[in-house]
Amino acid sequence: MKKTKELQKVEDQFEMFQILDEKGKVVNKDAMPELSDEELKEMMTRMVYTRIWDQRAISLNRQGRLGFYAPVAGQEASMIGSQFALDEKDWILPGYRDIPQIYYHGLPLHQAFLWSRGHFKGGQVPEGVRIMLPQIIIGAQITQTAGVAMGLQKDGEKQIAITYTGDGGASQGDFYEGMNFAGAYNLPAVFIVQNNRFAISVPVEKQSAAKTIAQKAVAAGIHGEQVDGMDILAVYAATQKARERGVEGEGPTLLEFLTYRYGPHTMAGDDPTRYRTSEEDDEWEKKDPLVRFRKFLEDKKLWSEDEEEKIVEQAKEDIKAAIKEADGTAKQKVTDLIDITFSDEEPTNLQEQREYYEKKESK
Amino acid sequence: MAQMTMIQAITDAMRNELKNDEKVLVYGEDVGNNGGVFRATDGLQKEFGEERVFDTPLAESAIGGLAHGLSLTGYRSVMELQFFGFVFEAFDSIAGQMARLHYRSGGVYNAPVTIRSPFGGGVKTPEMHADSLEGLMAQTPGLKVVIPSNPYDAKGLLISAIRDNDPVVFLEHMKLYRSFRDEVPEEEYTIPLGKADVKREGTDVSIITYGAMVQASLKAAEQLEKDGISAEVIDLRTVSPLDIEAIIESVEKTNHAVVVQEAQKQAGIAANVVAEINDRAILSLEAPVGRVTAADTIFPFAAAEDTWLPNDKDIAAKVKETLNF
Ligand SMILES: Cc1ncc(C[n+]2csc(CCOP(=O)(O)OP(=O)(O)O)c2C)c(N)n1
Ligand SMILES: [Mg+2]
């Protein structure tokens, strides 16, 4: 393809926003968000915790004790930094990989595990926790976000709806449709694309002729930015600004976070060696979000190995307890599913089938 | 002859047609370099090049639209939907557009498109992967819906589907992909669409089924044999259009019928089979037609799959109930 100068001009505007470089040095002082030492440490704590959780989840999956799992290592800054910028009363509409965000938004860990195992109790969002369940249908969450944001707007709440998808998800029609609706109604919505370079095996270059995903905001007439998704400070600052724009009635935002998933797509048989080189893996591991932020905190004398070790132990203990709780949850029955098929009165076909399954399940 | 799993037989059918007709194209999410998430297209891109076997961006409605458009320019598409639960994204392309192309153009245009897709319970996928949605497709005039139950049929039916000049939805039960092997000829052969197969002859009852329930029904028939009941098992193979002749012939012989499907009971293929039997052979029946299906809930969360799905015991029990009516 030969791109015209006019097009190139548009595309070239989208430069990656960064605060911390790979060595943990601040390269963009003016953009530094206001965060207390405690808050900075909390962000690191959550990234360490999430990395341990990821490792445990992978091994539990291998032992057949977890079920569906999409690894997150590499994407901690994108996930944790963006959620950290939210208010508790904001809404999150996650994709299947975005479990850390909804955990930190209030979904108990054992329910996250039950969701992985395919147990309906995993989906019973506790009262007051404003999340949708992890979306399996790529793109569906993006149009739904416009609906949530419209509800918030109508109720005069100073809150936003934030949604997550991937580089592949940005090819769905729903992606554009959701942004376009949000723009048309000037909704308090933030659309995050975690561009981890692959949609299962398909490299991002094959998804679109667009140079960036951020530029797709232009067609919807909304603000778009590309952010270093391995830099938690940049992720936080960009999300916080986008949130403010939403709350102030200044419109929706699209944020593209450049990141990488170190592991396989999911634990169900994906083999990354079929589509990525180990050089590419190595190159991205040099940008690691934990390494860089740890360095930054150590330079500020805010972090120590001891502290980190405590978090690792805490994470392991919590996971053990959560698995125990999940194991102790009553086995799911088909009659439970019959109960939750309709919210109103049960139709006669289901009443009849309840009897059938009561018998089948008592055997 | 070679021993092949169903997934190998499916790859073999596509390879055959890619060789046979240069207008055949194979595409979908991850089907190129990765060879598909189940490896159904393994090696095909290498063999036939990226021009013929390629990855698409992630957008099912555009995959469907692409197939429609390629039909207008003389190409024959084998498009993959990575899992059939995602068909809702492509529903307009398939049911709203391709299925109507020949009709809408007064017979001038046609859509020789095969929509291949895995589905089926028992493998504990996340939601929206395993649902049996063939009933939705079968309700759409202009579409054919094929569901093979074994490697041999899969190859012959897929070749026929690709050669068919109208859109064919070709559904591949995930549980059957690698669960057993069959003798499958390396050379090409076709199995006509719309033709059922008698998998086992019997005289007391006709078990009419398709997909993974064929294995369960055969197992049930073995158990019934021990109890002195001779069950005939009919594999529909194509669920739309139905092979009504084969169904009626069998029912008129056994005077008893049990229809088995993995899908929920409401509407669906089994209901259609029962209606056809009632229309044409009600006086041959000595008992109401039995139905074994799943419950009318959404496809279950993985942890409840095993009880939700019908099994050989459910089938054998229903047969006895029908015979003891
Ligand atoms: C509508 C739909 N199509 C296809 C899939 C199968 N699928 C699951 S994940 C995936 C790739 C997604 O890639 P991306 O959006 O980049 O997100 P990532 O997994 O990299 O986080 C595909 C094709 C799906 N879940 N939903
Ligand atoms: Mg991706």
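Helices (H or I, at least four residues) and strands (E, at least two) are DSSP runs, numbered from the N terminus. The model is a predicted one, in which local features need pLDDT of at least 70 and side-chain atom pairs count only at pLDDT 80 or more, while totals for chains, interfaces and linings use all residues. Residues are numbered from 1 along each chain as its sequence is written, chains are lettered from A and ligands numbered from 1 in the order in which they are written, and side-chain values use heavy atoms, with hydrogens and water left out.

**Exercise 1.** Locate the cis peptide bond that joins S240(B) and P241(B).

*Solution.* Begin with the backbone, where omega between S240(B) and P241(B) is about 0°. Then place P241(B), which belongs to the loop between β12 (238-240) and α8 (244-254) of chain B.

**Exercise 2.** For K301(A) and R39(B), which have a positive phi, determine the loop and decide whether each residue is buried or exposed.

*Solution.* Take K301(A) to start with: phi is about 60° although the residue is not a glycine, and its loop runs between α11 (289-299) and α12 (305-327) of chain A. Buried means under 20% relative accessible area, exposed over 50%, and partly exposed in between (1.4 Å probe, protein chains only). K301(A) counts as exposed because its relative accessibility is 73%. Turn next to R39(B), also not a glycine, with phi of about 70°, in the loop between β2 (24-28) and α2 (44-48) of chain B. R39(B) is buried, because its relative accessible area is 17%.

**Exercise 3.** Work out which chains surround ligand 1 and which polar contacts reach this ligand.

*Solution.* A residue is near a molecule if one of its heavy atoms lies within 4 Å of it. Ligand 1 is surrounded by 21 residues, the closest being Y96(A), R97(A), I136(A), G169(A) and E60(B). Because these surroundings draw on chains A and B, the site is shared between chains.

Now examine the polar contacts (pairs of N or O atoms within 3.5 Å):

- R97(A) places a polar side-chain atom 2.7 Å from an oxygen atom of ligand 1.
- I138(A) has a polar backbone atom 3.2 Å from a nitrogen atom of the ligand.
- Q82(B) brings a polar side-chain atom to 3.4 Å from a nitrogen atom of ligand 1.

Finally, consider accessible area (Shrake-Rupley method, 1.4 Å probe): ligand 1 taken alone exposes 580 Å², of which the protein buries 95%.

Notes
Polar contact = N/O pair within 3.5 Å; in protein donor to acceptor, adjacent residues only side chain to side chain.
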